[in-house]
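Trainee: Could you walk me through this one slowly? I would like to go through it topic by topic.

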Amino acid sequence: SSSQQLPLTSDFVCEHPPYKVHLVSSSPLVIYITNFLTDQERAHLQEITKDTFSHSGVQGSSGAKAINRARTSQSTNVPRDTVVRCIEERALLFQGLDTPRTHLEPLQLVKYGRGEHFHFHTDWFPNPEHARPDAGGNRLSSFFVYVRVDPGTTGGGTNFPAVDAPAGNGNGSSSSSRWCEAGFVDCDEPWDAGVTFRPVEGNAVFWRNLLPGGGGDDRTLHAGLPVTSGGKIGMNIWTREGPVSEKVRGPDV
Ligand SMILES: O=C(O)CCC(=O)C(=O)O
Ligand SMILES: [Fe+2]
């Protein structure tokens, strides 16, 4: 219905929802964020990208692919309108007061149907060619935001095999963990599988990809596990070490 869409008039006011942060791991830095996107923003993102998804890897942005980017999902870049700029601003403020907007790649939606997955990979580029200063350097941080989860969806979690599950989550021994009870973490996974975040609409996982010296942090390896029923749309927000060219970022719309 039309009430589902935000007005895209010049008097649009960017208001950030009262999201909450929950520390998962300090090394590597991993933070779980609840209510990062509003329902209206989620609907808007889907509306403006409808019919634009394709299977073509890293579409239109850096042209670079990390190794093991075996993804059966479809993706699309999000045109940067006032609502999207508001989400960008939120992601920048989250990371401090001095991260310029130009360090952001175009936001990217990733869509999975039943049986689709994204194999283990790092978001940072192991190939220095893809992380050259004129390309914006490497990917300093990632947000993966759950934009849509079809009712009855199973699977489709985001797994980090080298990140310990939050302390006291009771993996394998108890169901008392608040992380499990809240539905944020999949505690049915075996203890040695690291941590698996369940897709929950509006919530996000944030992590830092690079070590203090600038090298890639192998512990940020992760995968989009196969969706066993239903479907999921997620969104990547990638912040580079330096500015991304205007050509890659595209115009404001
Ligand atoms: O689908 C997921 O849970 C993760 C996707 C991902 O890692 C990516 O698009 O880079
Ligand atoms: Fe990723």
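**Ligands, metal and links**

Mentor: Let us start at ligand 1, where a polar side-chain atom of T158 lies 2.5 Å from one of the ligand's oxygen atoms, a polar contact being a pair of N or O atoms within 3.5 Å, where within protein one must be able to donate a hydrogen and the other to accept it, and residues adjacent in sequence count only if both atoms are side-chain atoms. Before going on, note that this is a predicted model, in which local features need pLDDT of at least 70 and side-chain atom pairs count only at pLDDT 80 or more, while totals for chains, interfaces and linings use all residues. Residues are numbered from 1 along each chain as its sequence is written, chains are lettered from A and ligands numbered from 1 in the order in which they are written, and side-chain values use heavy atoms, with hydrogens and water left out.

Trainee: OK, and how far is the polar side-chain atom of H222 from an oxygen atom of ligand 1?

Mentor: For H222 the distance is 2.9 Å, and an N or O atom in the side chain of H121 is 3.1 Å from an oxygen atom of ligand 1. The protein covers 100% of the 300 Å² of accessible area that ligand 1 has on its own, where such areas come from the Shrake-Rupley method with a 1.4 Å probe and, for residues, only the protein chains shown count as cover.

Trainee: Which protein residues are donors of the iron ion?

Mentor: The iron ion, ligand 2, has as its protein donors H121 through NE2, D123 through OD and H222 through NE2, at 2.1 to 2.2 Å. Donors are N, O and S atoms within 2.8 Å of the metal (3.2 Å for Na, K and Ca), and water is not among the atoms, so sites may look incomplete.

Trainee: And how are those donor residues spaced in sequence?

Mentor: The spacing reads H-x1-D-x98-H. D123 lies in the loop between β5 (118-121) and β6 (139-149), whereas H222 is in strand β11 (residues 222-224), so the pair ties together parts that are 99 residues apart in sequence. Strands here are DSSP runs of E with at least two residues and helices are runs of H or I with at least four, numbered from the N terminus.

Trainee: Is D123 buried or exposed?

Mentor: D123 counts as buried because its relative accessibility is 1%, and H222 is buried too, with a relative accessible area of 4%. Buried means under 20% relative accessible area, exposed over 50%, and partly exposed in between, using a 1.4 Å probe and protein chains only.

Trainee: Switching topic, how many disulfides are there?

Mentor: A search of the whole structure finds 2 disulfides, each being a pair of cysteine sulfur atoms within 2.5 Å. In one of them the sulfur atoms of C14 and C86 are 2.0 Å apart. C14 lies in the segment before β1 and C86 in helix α2 (residues 82-94), so this pair ties together parts that are 72 residues apart in sequence.

Trainee: Which way is that disulfide handed?

Mentor: The torsion about the S-S bond of C14 and C86 is about 80 degrees, so the disulfide is right-handed. The link of C180 and C187, by comparison, has -75 degrees about its S-S bond and is left-handed, with sulfur atoms 1.9 Å apart.

Trainee: Last one, what does the side chain of R80 reach?

Mentor: The R80 side chain reaches the backbone oxygen of R249 at 2.9 Å, and it also makes a polar contact of 2.7 Å with the side chain of D252.
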